[in-house]
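Trainee: Please take one part of this model and go through it closely. I would like the surface described first, and then some of the fold.

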Amino acid sequence: MISARSMQNLESAFHKAIKANLLREDDDSCEIASIESGSPDQYSERQLLLITISSFVFRLIVIFRIIDNPVTRAYYMRVNTTQQLDEVFAEVANMCGGSLSRELSYQFSHLAMSTPCVLNSQCMEFLDDLRPEYVARYGVTINDSVQLQATLCMCCSRPIEVAAPTGTDEADTGAGELEFF
Amino acid sequence: MNDDSHVADASNGAKRAELLRKAENVTRGVGDIKTLAVAFERWHEDLILMTAQSRGLSLIGEDLSQIARHMIMVSINAAIEAARAGEIARGFVVVAAEVKTQAQSVQALAGSMRKTVDKGELLTAATFQDIQAGGKMMMAAISGLEAMVQQLHSELAENTDP
């Protein structure tokens, strides 16, 4: 229901959203690498963050996992805040999901995004029960130190074609619309 | 103006008035559909309860698993102590072995329960989010439709006014 080209374009749109929203500074480095299915899970964290982008013909589930360590805390919690890391990251991830949703809304009318939801990380092993057309996992490394995992899980009820993302990475940087939740 | 044109004007006026009346009905209908938002909020609240319920079950499964682990340790210690006591505690060795077997069964059951709960939690959350996003999607579509109907209504009203 989704062509290889569409999967590639979806991946590009997701990478664009990650680079535009998960980095704190413009000159931060960001490496995104595919994680092969069946690779050992290096994340010991007990929770994951789930966001769904829905249209009439598909639902795209975006999952983020971070490692709660001093490096990640220092990166995402620079400003004095009373919030927990997962709360701060939920806002960042929400912006990332919003950015991807906006990109897809240029091609699919009546698209909408859910609020983020925190789940037990063991839930990851049941993604196939959602009968996805396509699941892609990525390891994201920021400034060679901060590590997180991002997953795309596309479930379609009709064949869909996803076009290449618009503009450049720079065009979207800092323009992430704040998604309230 | 002759009688024929008077009749034609009257007929057109009646048609426009009828169209205007229908447009008003559609506007009211679209307004009614917008109360769907109330149903979405209700589903939202129900699904939050279901998610909390699922998390509660998950915690019970973890507690159960921990109790089973503890029972296994106790049964092992009991078996060691019974072995030390010798022939007199031979029956207790059998009891300790049975306790260990039962504890292992409970542990396996707790593991299975946790998997079922984890799967349920994912399916519930994914469905919840799909409904939530779907609700926003429908409300946006209805608002677009409402704007179009209002536009149509305004145009008809302008053309109907004497």
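Mentor: What follows covers a nonpolar surface patch on chain B and then the helix packing in chain A. The model is a predicted one.

The patch is made up of B:Ile67, B:Met71, B:Phe92, B:Val95 and B:Val99, and together these residues have about 410 Å² of accessible area. Two elements of chain B each give two or more residues to the patch: helix 2 (36–85) and helix 3 (90–160). Of the contributors, helix 3 of chain B gives the most, with three residues.

One residue of the patch can be followed further. B:Val95 lies in helix 3 of chain B. Is B:Val95 buried, partly exposed or exposed? Its relative accessibility is 44%, so B:Val95 counts as partly exposed, because that class lies between the 20% limit for buried and the 50% limit for exposed.

Now to chain A. Its secondary structure consists of four helices and seven strands, and the order of elements from the N terminus is α-β-β-β-α-α-β-β-β-β-α. Of the 181 residues in chain A, 50% are buried.

Within that chain, helix 1 (residues 4–21) of chain A packs with helix 3 (residues 85–105) of chain A, the axes being 9 Å apart and the angle about 140°. How are these two helices of chain A oriented to each other? They are oblique, because roughly antiparallel would need an angle over 145 degrees. The crossing of helix 1 and helix 3 of chain A is right-handed.

How values were computed:
Residues numbered from 1 in each chain as written. Chains lettered and ligands numbered in written order. Predicted model: local features only at pLDDT ≥ 70, side-chain atom pairs only at ≥ 80, totals over all residues. Heavy atoms only, no water. Patch = residues over 30% accessible without salt bridge, like charges linked within 9 Å, V, L, I, M, F, W, Y side chains within 5 Å. Areas by Shrake-Rupley, 256 points an atom, 1.4 Å probe, with all protein chains shown as cover. Salt bridge = Lys/Arg side-chain N within 4 Å of Asp/Glu carboxyl O. Buried < 20%, exposed > 50% of the residue type's maximum accessible area, 1.4 Å probe, protein only. Axes fitted to C-alpha atoms, helices over the stretch in contact; angles between N-to-C directions. Parallel < 35°, antiparallel > 145°, perpendicular 65-115°, else oblique. Left-handed = near helix turned anticlockwise from the far one by under 90°.
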